[in-house]
Amino acid sequence: MKKCTFLMVTFMVLTFTSCNMEPVNELGTALQSKAVKDSEQVDDDVDLNDGTHCEVVRLMAGQHYEAGIITVDNDGQNLIITYTVNGDWTIYATHLSIIDCTAESFPMTNAGNPKIGQFEYSDTFADGVTEVVYMIPLDEVSATYCFAAHAEVTGPTGGETAWGEGKDFGGKSWAMYVEADLSDCDGGGLGYG
């Protein structure tokens, strides 16, 4: 009887102490690292854009983990694309390509996957960083532009490939890109314009 009681108490202690609660910020789960189990989906109903940025998309690591966000802003002279990771994640490399959606295509392999090594912008960070900012002069950005934002990150699950959440490239990988319109980003981001 004592053995049974001890096992029940141990089970209850382990059950109650294994749960943890995390605060939710004003962007909902947008800035919280969230592991998505097979039976769960990332909450697509969360409004990531609180009006301070032209565009905000999730930075998805390993297809199932929300590692951070990518924001797009306009300071009147540049389109500013910023990768920001949650506290549990670190960026070790980034690759960014921005094209005219109506006239160009991303560098692609024959299998329909993006060639990140040929993206126009890239950086590596030996010690890892939590934020990376790219400033693209507005005169180099078309009215209807697309961008593909890739990162190599490390977090609670180890090293992962990450993409800015958007449309599927349609190749044999889960790579994604974002379609945007410059008129939606007319200098209103960052309080400019």
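Modeller: A residue counts as buried when its relative accessible area is under 20%, as exposed when that area is over 50%, and as partly exposed in between. The structure above is a predicted model.

Biologist: What percentage of the 193 residues in the protein chain do buried residues make up?

Modeller: The protein chain as a whole exposes about 10,900 Å², of which carbon and sulfur atoms supply 52%. Applying the cut-off of under 20% relative accessible area to the 193 residues, the share that counts as buried is 42%.

Biologist: Read along the sequence, what pattern does the protein chain follow?

Modeller: The protein chain holds one helix and 11 strands. Among the contacts with a separation of 6 or more, 62% are accounted for by residues 24 or more positions apart. Read from one end of the sequence to the other, the pattern is α-β-β-β-β-β-β-β-β-β-β-β.

Biologist: Over which residues, beginning at residue 1, is the pLDDT below 50?

Modeller: The protein chain averages a pLDDT of 77, and 69% of the residues score at least 70. Another stretch, residues 188–193, stays under 50 and has 11 contacts in the model beyond four places in sequence. The stretch asked about has 44 contacts beyond near neighbours in sequence, and with its pLDDT below 50 it covers residues 1–47.

Biologist: Which residues are linked in a network of salt bridges?

Modeller: Side chains of opposite charge can pair when their charged atoms come close. The structure holds three salt bridges, and in one of them R58 meets E66 with the closest N and O atoms 3.1 Å apart. R58 also forms a salt bridge with E165, at 3.3 Å from N to O. Since R58 takes part in both pairs, the linked residues are R58, E66 and E165.

Biologist: How many residues apart in sequence are the parts that the pair of E165 and R58 ties together?

Modeller: The side chains of E165 and R58 meet in a salt bridge. E165 lies in the loop between β9 (158–164) and β10 (167–168), whereas R58 belongs to strand β2 (residues 55–61), so the parts tied together are 107 residues apart.

Biologist: Is E165 buried or partly exposed?

Modeller: Its partner R58 has a relative accessibility of 2% and therefore counts as buried, and E66 is buried as well, with a relative accessible area of 1%. For E165 the value is 22%, so this residue is partly exposed.

Biologist: With which residue does K167 form a salt bridge?

Modeller: K167 is partly exposed, at a relative accessible area of 42%, and its partner, at 42% relative accessibility, also counts as partly exposed. In this salt bridge the closest N and O atoms are 3.4 Å apart. The pair links distant parts of the chain, 12 residues apart, with K167 in strand β10 and, in strand β11 (residues 176–181), the partner E179.

Biologist: Which element gives the most to the largest nonpolar core?

Modeller: In soluble globular proteins, nonpolar side chains tend to be buried together. The largest nonpolar core here has 32 residues, and those with the most contacts inside it are L79, Y83, L96, Y145 and F147. The elements giving two or more residues to this core include β2, β3 (65–74), β4 (78–85) and β8 (144–155). With five residues, the element that gives the most is β8.

Biologist: How many residues are in the other core?

Modeller: L79, leaving aside neighbours within four places in sequence, is in contact with residues including V72, I98, Y134, I136, Y145 and L182. Apart from the core just described lies another, with C146, W163, W174 and M176 among its members, and its number of residues is 12.

Biologist: How far apart in space are A111 and G171, C-alpha to C-alpha?

Modeller: A111 is found in the loop between β5 and β6, where it is partly exposed, with a relative accessible area of 40%. Leaving aside neighbours within four places in sequence, A111 is in contact with G171 and K172. A111 and G171 are 60 residues apart in sequence, while in space their C-alpha atoms are separated by 6.0 Å.

Biologist: Which residue other than glycine has a positive phi, near 70 degrees?

Modeller: Most residues other than glycine have a negative phi. The residue asked about lies in the loop between β2 and β3 and is partly exposed, with a relative accessible area of 44%. With phi near 70 degrees, this residue is Q63.

Key
Residues are numbered from 1 along each chain as its sequence is written. This is a predicted model: local features need pLDDT of at least 70, side-chain atom pairs count only at pLDDT 80 or more; totals for chains, interfaces and linings use all residues. Side-chain values use heavy atoms; hydrogens and water are left out. Helices (H or I, at least four residues) and strands (E, at least two) are DSSP runs, numbered from the N terminus. Buried means under 20% relative accessible area, exposed over 50%, partly exposed in between (1.4 Å probe, protein chains only). Contact means heavy atoms within 4.5 Å. Accessible areas come from the Shrake-Rupley method with a 1.4 Å probe; for residues, only the protein chains shown count as cover. A salt bridge is a side-chain nitrogen of Lys or Arg within 4 Å of a carboxyl oxygen of Asp or Glu. A nonpolar core is a set of buried Ala, Val, Leu, Ile, Met, Phe, Trp, Tyr and Cys residues joined through side-chain atoms within 4.5 Å. pLDDT is the predictor's confidence in each residue, from 0 to 100.
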